[in-house]
Amino acid sequence: MFDVVIVGGGPVGACAGALLARGTAGVAGLAVALLEPRAPQLLSASPGPPDVRVVALSRASERVLTRAGAWARLCGPRLSPYERMRIWHESAAPLSESVLVFDAADVGEPNLGYIVENRLLQGALLEAFAKSGGHIEPAPFTSVEIGDECVRIGTPHGNLTARLVVGADGARSALRQAVGLTAETAAYGQTAIVATVATTRPHEATAWQRFMSDGTLAFLPLADGTSSIVWSADDEVASRLVSAEAADFAQSLDRASDLALGSTRLVSERVSFPLSRLAAQRYVAQRVALIGDAAHVVHPLAGQGVNLGLLDAATLAQLVAGAAAAREDPGALGVLRAYERWRKSEVAAMATAIDLFDRLLAHGRGPLARLAQRALTWVNRSQELRRVFIYRALGMSGELPAAARRP
């Protein structure tokens with residue numbers, strides 16, 4: 001019997017598993033199994049081109065990954081720190097005084113975060129989990145049976161028994177549906193297009209983001225000098241972009257970026273996916289907890305999806321490990337509700353702020369939208385306001401779990 005079984009071995013599930021299996025000073029690790037039928041090979045062992053899917057990791061996430069034993073496995077030539085962010089509305093020029101600039105130097109930090117390939121992050125966390133004594137079950141989830149004392153998780157290879165099951169299996173979480181936890185969803189009417197591009201101007205270790213009337217475009221700096229783009233465009237626009245020839249797509253990208261990094265050239269395939277917001281009405285049930293996309297999905301324009309999920313993982317691991325150390329039942333509903341209260345309010349605040357940015361800056365019209373556009377300039381002129389936003393981007397504000405706090 002395991003203490004915890006985690007359904008889903010993506011970055012968030014693997015992080016929760018590594019934290020629980022490692023334990024902390026004075027607290028022994030728990031017996032943890034993780035269901036993941038498609039574990040990736042570590043990209044660090046392959047000199048190939050960057051993975052198309054990347055994530056932006058905050059300082060808080062860096063600390064959580066360090067505690068999980070995965071950060072040292074990520075450090076290397078493929079990890080790309082970024083020192084600045086430049087954010088502007090299409091009504092302004094990309095190098096004008098109307099551009100909102102966040103600089104790590106303004107808060108005495110070496111950088112604002114890191115761009116890392118998704119599969120590299122997942123592989124490092126799975127490796128850390130296995131090194132900590134965690135058990136990886138290469139099988140999909142098929143069923144769940146919740147009892148008073150334990151929960152039984154079904155797989156094609158047999159059943160696993162635990163005191164707690166954690167759903168980290170994404171927005172279409174099979175576990176969430178199996179236990180009857182409901183979620184509110186709303187389509188944005190937008191499609192995200194991700195790809196790797198070469199640019200004629202250097203990215204300057206800077207993340208560039210432009211808000212337009214039909215979507216948001218971001219350039220994320222990669223270690224080899226190329227950039228990963230995340231283009232959240234209205235569905236009709238995105239459909240044309242995805243089907244366009246590579247040269248035509250690059251021309252559209254040049255217009256959308258206002259040549260902030262010069263002309264562009266595709267160096268990877270294009271991957272696209274529809275954008276929706278998701279909010280589980282409850283994050284927990286008896287002996288069940290949801291983390292990451294299984295509990296919430298936010299718009300990618302702020303790059304906070306994985307960061308929110310890693311904070312979920314760290315918070316749940318802290319409370320569950322603390323309960324086990326106190327000889328309490330780690331799957332007790334009281335323990336899980338404490339996790340839900342902690343994280344649900346934090347996630348809701350971030351999701352609301354992100355939606356406001358999307359509605360007012362990317363799609364807004366009228367007086368309120370124009371006011372929001374001018375606010376970028378006002379924030380840029382105030383060092384104190386810039387610091388507030390930078391600390392939020394670094395994940396250094398709000399109620400943080402111990403693993404995410406400054407050592």
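Helices and strands on this tour are DSSP runs, helices of at least four residues and strands of at least two, numbered from the N terminus. The model on screen is a predicted one.

**First stop: a loop residue with positive phi**

Begin by selecting Glu-204, which sits in the loop between strand 12 (183-199) and strand 13 (206-212). Its backbone deserves a look, since phi of Glu-204 is near 60°, a positive value in a residue other than glycine. Glu-204 has a relative accessible area of 46% and is therefore partly exposed.

Select Asp-258 next, in the loop between helix 7 (246-257) and strand 16 (264-266). Asp-258 is likewise not a glycine, and its phi is positive, at about 55°. With a relative accessibility of 34%, Asp-258 counts as partly exposed.

**Second stop: helix 1 against helix 4**

Now display helix 1 (residues 11-22) together with helix 4 (residues 118-131), whose axes lie 8 Å apart and pack at an angle of about 25°. Because angles under 35 degrees count as roughly parallel, the two helices, helix 1 and helix 4, are described as roughly parallel to each other. Viewed as a pair, helix 1 and helix 4 make a left-handed crossing. To see the contact itself, select Pro-11, Ala-14, Cys-15, Gly-17, Ala-18 and Ala-21 in helix 1, and opposite them Asn-118, Leu-121, Gln-122, Leu-125, Leu-126, Ala-128 and Phe-129 in helix 4. The residues of this contact between helix 1 and helix 4 comprise 10 nonpolar, three polar and no charged.

Keep Pro-11 selected, since this residue of helix 1 is worth examining alone. Is Pro-11 buried or exposed? Its relative accessibility is 12%, and Pro-11 therefore counts as buried. Beyond its neighbours within four places in sequence, Pro-11 is in contact with Asn-118, Leu-121, Gln-122, Leu-125 and Leu-310. A distance drawn from the C-alpha atom of Pro-11 to that of Ala-313 will read 9.7 Å, although the two are 302 residues apart along the chain.

**Third stop: helix 2 and its surroundings**

Move to helix 2 (residues 59-68), which is mostly covered, with eight of its 10 residues buried. Those to select are Arg-59, Ala-60, Ser-61, Glu-62, Arg-63, Val-64, Leu-65 and Ala-68. What do the buried residues of helix 2 pack against? Their partners are helix 1, strand 3 (54-57), helix 3 (71-74), strand 7 (113-117), helix 4 and helix 8 (305-325). Just after helix 2 comes Gly-69, whose phi is positive, near 85°.

Of these partners, bring up helix 8 and view it with helix 2: their axes come within 9 Å and cross at roughly 40°, which means that helix 2 is oblique to helix 8. The crossing of helix 2 with helix 8 is left-handed. On the helix 2 side the contact is made by Ala-60, Ser-61, Val-64 and Leu-65, and on the helix 8 side by Asn-307, Leu-310, Leu-311 and Ala-314. Sorted by type, the residues of the contact between helix 2 and helix 8 are six nonpolar, two polar and no charged.

**Last stop: Arg-343**

Finish by selecting Arg-343, found in helix 9 (residues 333-362). Arg-343 has a relative accessible area of 1%, and is therefore buried. Which residues, outside its neighbours within four places in sequence, is Arg-343 in contact with? They are Tyr-283, Leu-308, Leu-311, Asp-312 and Thr-315. With Asp-312 the side chain of Arg-343 forms a polar contact of 2.7 Å to the Asp-312 side chain.

Technical notes
Residues numbered from 1 in each chain as written. Predicted model: local features only at pLDDT ≥ 70, side-chain atom pairs only at ≥ 80, totals over all residues. Heavy atoms only, no water. Axes fitted to C-alpha atoms, helices over the stretch in contact; angles between N-to-C directions. Parallel < 35°, antiparallel > 145°, perpendicular 65-115°, else oblique. Left-handed = near helix turned anticlockwise from the far one by under 90°. Contact = heavy atoms within 4.5 Å. Nonpolar A, V, L, I, M, F, W, Y, C, P; charged D, E, K, R; others polar. Buried < 20%, exposed > 50% of the residue type's maximum accessible area, 1.4 Å probe, protein only. Polar contact = N/O pair within 3.5 Å; in protein donor to acceptor, adjacent residues only side chain to side chain.
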